[in-house]
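Visitor: I should like a close look at a single helix of this model and the packing around it. Please treat the geometry first and the individual residues afterwards.

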Amino acid sequence: MSRALQRREDVAGYLFMLPSLIFFLGFVVIPMFICIGYSMTDATMHQKTATSFIFFENFGRLVHDEVFLEALKNTFIIVIVSVPAVAAFSLWVSSAIYKLKGPVLSAFRCIFYLPVVTGSVAVTVVWKWMFDNYTGIINTVLTGAGVIEKNINFLGDSRYALWCIILILFTTSVGQPIVLYVSALGNVDQGLVEAAKVDGATDLQVFWKIKWPQMMPTTLYILVITTINSFQCFALIQLLTSGGSGTNTVMYYIYHTAFKLTEQAGHFGYANAMGVVLAIFIALLSALQFKLAKEK
């Protein structure tokens, strides 16, 4: 291929990428730098005085902010519990259904994927009704079965509220991983599987030595995406508990600090500092997952 033709193809490729690049720069890269800049200021909503740089003072305040530390702890609990649970359950379900054919497999995919395509608000409202202290179906079933003597205020009791959030997040997060794992299992080299079985390998050995390594890219994607979604848990908290009952998370505290906290007005600078810290944690965990997957 001549250099002129190669150059024309490169230019055509960049032109096709240009709309996405403009969108990425305008809505991801530039806001990211704006966030970092504001995190070093004392900016507030409707500020009467000029915004001034205070550099790392906001980050120093975070270390001593008990509400932020509690929200950070809750966020890590959600991530540590939900991410492995989603990955393991999705792999188990996909292993059970991927050999099914035709409409049966499609039906299972539809059932598990339905919460993903359903609006998060609609799903959350249904769960809120199910956990209702007086008319919720969960309390009705448990009291009817004799498991509990009186109704439990699941979303108003700090002993249960965070675990209810994790349960709801789990049910809304398994749909996409199941579909991805079904596709990954369907792309496993069946020649290697049959050869291993001929050599006397058990189903567990076939899975661990042959299927699992070939599914590692899919697993890495699922872990990273689920981790990011778990760190960014906000809608459930906003609609179910508004950060009460020990369910405050970093994302909700950022929203509350920037738009709801009103000594004078929302503290944009302080909220942006939390956003930077949250982004750092997400980046570190994602990098760790990439490193571990690479070693495997």
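Visitor: At what angle do the axes of helix α3 (residues 66-97) and helix α8 (residues 175-186) cross, and within what distance do they come?

Guide: The axes of α3 and α8 cross at roughly 50° and come within 8 Å. The angle makes α3 oblique to α8 (under 35 degrees is roughly parallel, over 145 roughly antiparallel, 65 to 115 roughly perpendicular, the rest oblique). This is a predicted model, in which local features need pLDDT of at least 70 and side-chain atom pairs pLDDT 80 or more, while totals for chains, interfaces and linings use all residues. Residues are numbered from 1 along each chain as its sequence is written, and side-chain values use heavy atoms, without hydrogens or water. Helices are DSSP runs (H or I) of at least four residues, numbered from the N terminus; axes are fitted to C-alpha atoms over the stretch in contact, with angles from 0 to 180 degrees between N-to-C directions.

The crossing of α3 with α8 is right-handed (the near helix is turned clockwise from the far one by less than a right angle). On the α3 side, the contact (heavy atoms within 4.5 Å) involves Val 86, Ala 87, Ser 90, Leu 91, Val 93, Ser 94, Ser 95 and Ile 97. Their partners in α8 are Pro 177, Ile 178, Tyr 181, Val 182 and Leu 185. By type, the residues of the contact of α3 with α8 are 10 nonpolar, three polar and no charged (Ala, Val, Leu, Ile, Met, Phe, Trp, Tyr, Cys and Pro count as nonpolar, Asp, Glu, Lys and Arg as charged, the others as polar).

Ser 94 shows how a polar residue is placed in this contact. Ser 94 belongs to α3 and counts as buried because its relative accessibility is 0% (buried is under 20% relative accessible area, exposed over 50%, partly exposed in between, with a 1.4 Å probe and protein chains only). Setting aside neighbours within four places in sequence, Ser 94 is in contact with Ile 178, Tyr 181, Val 182 and Leu 185, and each of these four residues is listed in the α8 side of the packing. Within the helix, the side chain of Ser 94 reaches the backbone oxygen of Leu 91 at 2.9 Å.

A second partner of α3 is helix α7 (residues 161-173): the two pack at an angle of about 35° with their axes 10 Å apart. Here too, α3 passes α7 in a right-handed crossing. From α3 come Asn 74, Ile 77, Ile 78, Val 81, Ser 82, Ala 85, Val 86 and Phe 89, and from α7 Leu 162, Trp 163, Ile 165, Ile 166, Leu 169, Phe 170 and Ser 173. The residues of the contact of α3 with α7 divide into 12 nonpolar, three polar and no charged. Val 86 is named in the contact with α8 and also in the contact with α7.

Ser 82 is the polar example for this second contact. Ser 82 lies in α3 and is buried, since its relative accessible area is 2%. Beyond residues up to four places away in sequence, Ser 82 touches Ile 166, Leu 169 and Ser 230. The side chains of Ser 82 and Ser 230 are joined by a polar contact of 3.1 Å (N or O atoms within 3.5 Å, one able to donate a hydrogen and the other to accept it; residues adjacent in sequence count only if both atoms are side-chain atoms). In addition, the side chain of Ser 82 reaches the backbone oxygen of Ile 78 at 2.5 Å.
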